[in-house]
Amino acid sequence: MRRNALALALTLSLGTAIPLQAQTPPPASAAAPAPSTLEEAIPVIDAAFDRWQASAHAPGLVYGVVQDGRIIHLRTAGVRTVDGPAVEPDTLFRIASMSKAFTALAILKLRDEGRLSLDDLAETHVPEMRGWSYPTADAPRIRVRDLLNHTGGFVTDDPWGDRQQVITEAEFTRMLTDGVPFTRAPQTAFEYSNFGYALLGRIVTNVSGRPYNDYIEAEIMRPLGMTSSGYDVFASPQDRRALGYRWENDAWSPEPDMRHGVFGSMGGVQTNAPDYAKWIAFLLSAWPARDDPETGPVRRSTVREMATGWNFVSASVRTLPDGSPCPVAVAYGMGLRVSADCELGAVMAHGGGYPGYGSYMILMPDRRTGLFAFANRTYAGPSAPLIEAASTLVRAGLAPVRPLATSDILAERYADLGRIWAAGDVSVAQERLAMNFLMDRSVGNWRTVLGLLKADAGACATDAPITATGALSGTFRWTCEKGVVDGRLLLAPTTPVTIQALNFRLTPTAP
């Protein structure tokens with residue numbers, strides 16, 4: 001399954017659904033002012049998708065933005081079939097490798113139930129693997145987690161894997177019994193494997209005692225209200241399906257529909273925008289960690305585990321709108337790519353490419369925002385306009401990072417810091433200092449340092465709130481007569497909680 005690199009009550013904002021041939025993509029305007037409201041950002045986002053759809057020759061398209069559990073923008077464009085009706089919000093698309101997240105979550109759910117361990121050898125649950133020949137004498141046998149992280153030693157299998165969608169359980173069993181070649185020893189590198197996720201589907205079937213697709217639909221999709229989603233495209237309403245096409249010889253050619261088979265666990269989901277928005281909202285709802293009652297089919301902590309990347313990190317650079325480079329570090333979690341992006345921050349994303357379809361999704365959990373897009377052209381993954389849309393929202397201040405709550409103990413120690421500053425002497429809060437504090441710098445030296453700093457800064461407004469970076473750490477900014485003092489308060493892992501470090505930096509007012 002090809003994938004793009006990076007890398008609910010529904011509020012709908014619908015664009016006009018018209019055939020692609022009738023669209024004239026608006027030119028990008030370098031001089032246009034940056035948007036600052038959602039109403040201003042939506043035309044910028046829509047224009048990027050219009051340009052992409054025309055250049056990608058995608059017959060139909062739907063994309064949406066989900067924030068705080070609801071859709072804040074949803075637009076359709078183009079047609080379900082090249083000679084037929086327009087795409088509508090409930091049009092069904094296959095989402096290809098974005099299906100892998102459902103498989104990963106099913107494995108984690110079975111783990112939560114005590115029915116398997118991620119460190120189990122995969123052959124424990126797939127007996128046909130026991131006779132396999134590994135590439136080296138010292139190669140470790142494949143664990144369940146190796147399949148989740150694409151570190152099983154299998155060769156990348158795009159596009160071969162895409163055409164295996166239809167094989168039966170019996171055919172897959174014969175394939176497993178015959179054994180498969182390795183490209184390297186397991187656990188030595190990341191290499192994307194559709195075959196590995198087909199094995200995970202077999203594990204779901206064997207461990208749950210139910211067909212893979214039945215398990216996903218009953219245990220994950222239906223509890224989330226995803227009533228239109230599933231794997232059997234022939235059982236779905238045919239008049240709502242976006243049929244798949246490839247672009248060749250300057251024309252659209254229909255791709256054959258593929259029935260559900262063993263490789264459905266790596267890419268077989270069919271869904272629509274309202275259903276998928278519920279999936280996006282559910283995933284985002286796992287952040288932040290909190291005391292609220294669990295309401296989903298899988299625990300919040302388990303969803304967050306999907307974002308735990310393996311240790312094979314790759315680096316890339318994307319270009320920001322102003323032309324500057326943006327470094328991105330990427331690892332693969334469990335059914336999601338996990339990134340640290342210079343502009344967007346923490347990002348989970350995945351693409352899907354499939355005969356007849358292309359898709360992409362982005363989660364920005366710290367920003368409470370997710371985006372997705374589906375198209376019905378082979379491997380036409382709309383990653384570029386979706387990343388551009390995410391960037392537009394962030395630059396416009398429409399997806400701010402959720403601030404951490406300030407814990408009671410951090411607030412208390414910050415008040416102690418205010419006493420220290422007022423006195424110019426750490427000894428006024430000596431009972432609040434960790435044992436290392438005065439070993440690292442003496443009381444006398446602190447008096448000297450604080451005295452000089454206060455003289456240079458002048459009177460400061462020390463009642464500014466602290467910005468938590470964790471329950472036991474935070475940063476602050478004080479506006480002073482002669483400049484700005486930025487600082488950091490770090491508490492110690494002690495009971496009672498004490499101060500282990502203080503840092504200050506004065507930026508004088510420009511003359």
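Mentor: Before the helix pairs, the angle classes: under 35 degrees is roughly parallel, over 145 roughly antiparallel, 65 to 115 roughly perpendicular, and the rest oblique. This is a predicted model, in which local features need pLDDT of at least 70 and side-chain atom pairs count only at pLDDT 80 or more, while totals for chains, interfaces and linings use all residues. Residues are numbered from 1 along each chain as its sequence is written, and side-chain values use heavy atoms, with hydrogens and water left out.

Trainee: OK. How many helices and strands does the chain have?

Mentor: The chain has 14 helices and 16 strands. Both are DSSP runs numbered from the N terminus, helices being H or I of at least four residues and strands E of at least two.

Trainee: And what box do the C-alpha atoms fill?

Mentor: Roughly 80 × 60 × 40 Å, taken along the principal axes. Of the 511 residues, 54% count as buried; that means under 20% relative accessible area, with exposed over 50% and partly exposed in between (1.4 Å probe, protein chains only).

Trainee: Back to helices. At what angle do helix 1 and helix 11 pack?

Mentor: About 165°, for helix 1 at residues 38-56 and helix 11 at residues 383-395, with the axes 9 Å apart. The two helices are therefore roughly antiparallel to each other. Axes here are lines fitted to C-alpha atoms, for helices over the stretch in contact, and angles run from 0 to 180 degrees between N-to-C directions.

Trainee: Which residues of the two helices make the contact?

Mentor: On helix 1 they include Leu-38, Val-44, Phe-49 and Trp-52, and on helix 11 they include Pro-385, Glu-388 and Leu-393. Contact means heavy atoms within 4.5 Å. By class, there are 11 nonpolar, one polar and two charged residues in the contact of helix 1 with helix 11. Ala, Val, Leu, Ile, Met, Phe, Trp, Tyr, Cys and Pro count as nonpolar, Asp, Glu, Lys and Arg as charged, and the others, Gly among them, as polar.

Trainee: What does Glu-388 contact, leaving aside its neighbours within four places in sequence?

Mentor: Glu-388, which lies in helix 11, is in contact with Ala-48 and Arg-51. Glu-388 is partly exposed, with a relative accessible area of 34%.

Trainee: Switching pairs: are helix 1 with helix 11 right-handed or left-handed in their crossing? And which way do helix 2 and helix 6 cross?

Mentor: The crossing of helix 1 and helix 11 is right-handed, and that of helix 2 and helix 6 is left-handed. A crossing is left-handed if the near helix is turned anticlockwise from the far one by less than a right angle, and right-handed if clockwise. Helix 2 (residues 100-112) and helix 6 (residues 194-208) pack at about 40°, with axes 10 Å apart. Helix 2 and helix 6 are therefore oblique to each other.

Trainee: Now the sheet. In what order do the eight strands of the open sheet stand?

Mentor: The order is 2-1-12-11-10-9-8-7, and the pairing is antiparallel. Strand 2 (70-78) and strand 7 (314-319) are at the edges with a single partner strand each, so one side of each has no neighbour in the sheet. The twist averages 20° from one strand to the next. Two strands pair if DSSP finds at least two bridges between them.

Trainee: Which strands form hairpins with strand 10?

Mentor: Strand 9 forms one, with three residues between the two strands, and strand 11 forms another, with two residues between. In that second turn Gly-356 has a positive phi of about 100°. Strand 9 (residues 337-341) pairs with strand 10 over five bridges, and Ala-340 stands opposite Ala-346. Strand 10 pairs with strand 11 (residues 357-364) over seven bridges, where His-350 stands opposite Met-361.

Trainee: How many of strand 10's residues are buried?

Mentor: Eight of the 10 residues in strand 10 (residues 345-354) are buried.

Trainee: And how many bridges join strand 7 to strand 8?

Mentor: Six bridges join strand 7 to strand 8 (residues 325-332), and the two run antiparallel. Ser-316 stands opposite Val-328 in strand 8. Strand 7 and strand 8 form a hairpin with five residues between them, and Gly-323 in the turn has a positive phi of about 90°.

Trainee: What about strand 12?

Mentor: Strand 12 (residues 369-375) is joined to strand 11 by seven bridges, and the two run antiparallel. The bridge partner of Met-364 in strand 12 is Thr-369. Helix 9 (residues 273-284) packs on the sheet, touching strand 1 (60-67), strand 2, strand 11 and strand 12, and its direction makes about 150° with that of strand 12.
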